[in-house]
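Subject: Structure for you to look at

Hello,

Here is the structure I promised to pass on. Please open it first, then read my notes below.

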Amino acid sequence: MPDAASIRPRLAALAALTPGWVDGECLPLAYGAVPWLADWLEARAAEGMPVPYLYLTVEGELQAEWDIGRDGVEMTMDPTTRRAEWWDFDRDTSGALDMQDADAVAEWVAGWRARLQRPEVASA
């Protein structure tokens with residue numbers, strides 16, 4: 001599992017990819033988005049969320065994947081609009097998140113922290 005110290009280097013590596021990095025069609029992560037995304041992810045880690053695995057989508061968005069016990073969640077973050085879409089594999093649920101809305105982010109993190117405290121998740 002990645003740790004908080006890996007967030008900024010991983011985002012910088014993704015931002016260093018050149019346009020067309022796969023099959024000539026993929027967009028790089030906007031380098032100017034790296035500080036904001038890193039701050040956002042580090043804040044979530046400080047709130048008790050595990051640090052996600054980070055990947056780049058062909059559209060230049062950031063995809064984060066968390067393994068939480070037997071649960072898994074993915075979030076695709078648009079660094080331009082600062083909005084995200086997430087989905088939970090085990091519960092077949094999904095939603096959208098305004099990453100700048102502190103109350104919505106706190107509610108989202110609280111839901112995942114509660115799941116981490118469940119005995120069946122903590123022991124997985």
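A residue is called buried under 20% relative accessible area, exposed over 50%, and partly exposed in between (1.4 Å probe, protein chains only). At 26% relative accessibility, E42 therefore counts as partly exposed.

Two notes on the source. This is a predicted model: local features need pLDDT of at least 70, side-chain atom pairs count only at pLDDT 80 or more, and totals for chains, interfaces and linings use all residues. Residues are numbered from 1 along each chain as its sequence is written, and side-chain values use heavy atoms, with hydrogens and water left out.

Overall picture

The protein chain has four helices and five strands. Helices (H or I, at least four residues) and strands (E, at least two) are DSSP runs, numbered from the N terminus. The order from the N terminus is α-α-β-β-β-β-β-α-α. The chain has 124 residues, and 38% of them count as buried. Its accessible surface comes to about 6700 Å² (Shrake-Rupley method, 1.4 Å probe; for residues, only the protein chains shown count as cover). Carbon and sulfur atoms hold 52% of that surface. Contact means heavy atoms within 4.5 Å. Among contacts between residues at least 6 apart in sequence, 43% join residues at least 24 apart.

Helices α1 and α2

Start with α1, residues 7–15. I7, L11, L14 and A15 are buried there. These residues lie on the same side of α1, because they cover an arc of only 100 degrees around the axis. The arc is that of the directions from the helix axis to the C-beta atoms.

How many salt bridges does a search of the whole structure find? The search finds three. A salt bridge is a side-chain nitrogen of Lys or Arg within 4 Å of a carboxyl oxygen of Asp or Glu.

R8 forms one with D39, with the closest N and O atoms 2.4 Å apart. That pair links distant parts of the chain: R8 is in α1, D39 is in α2, and they are 31 residues apart. R8 also bridges to E42, with 2.9 Å between the closest N and O atoms. Here too distant parts are linked, with E42 in α2, R8 in α1, and the two positions 34 residues apart. R8, D39 and E42 thus appear as a network of salt bridges. R8 is partly exposed at 34% relative accessibility, and D39 is partly exposed at 43%.

The side chains of R44 and E47 also meet in a salt bridge (2.9 Å, N to O). R44 sits in α2. Is R44 buried or exposed? R44 counts as buried, because its relative accessibility is 10%. E47 is partly exposed at 29%. Leaving out residues up to four places away in sequence, R44 touches M49, V105 and V109.

Strands β4 and β5

Side chains alternate along β4, residues 83–88. A84, W86 and D88 point to one face and are buried. R83, E85 and W87 point to the other and are not. β4 pairs with β5 (residues 93–98) in the antiparallel sense, over six bridges. Two strands pair if DSSP finds at least two bridges between them. R83 stands opposite D98 in β5.

Two loop residues

D23 is in the loop between α1 and α2 (34–46). Its phi is near 55 degrees, a positive value in a residue other than glycine. D23 counts as exposed, at 70% relative accessibility. R82 is in the loop between β3 (71–78) and β4. Phi of R82 is near 60 degrees, also positive in a non-glycine residue. R82 is partly exposed, at 26%.

Best wishes
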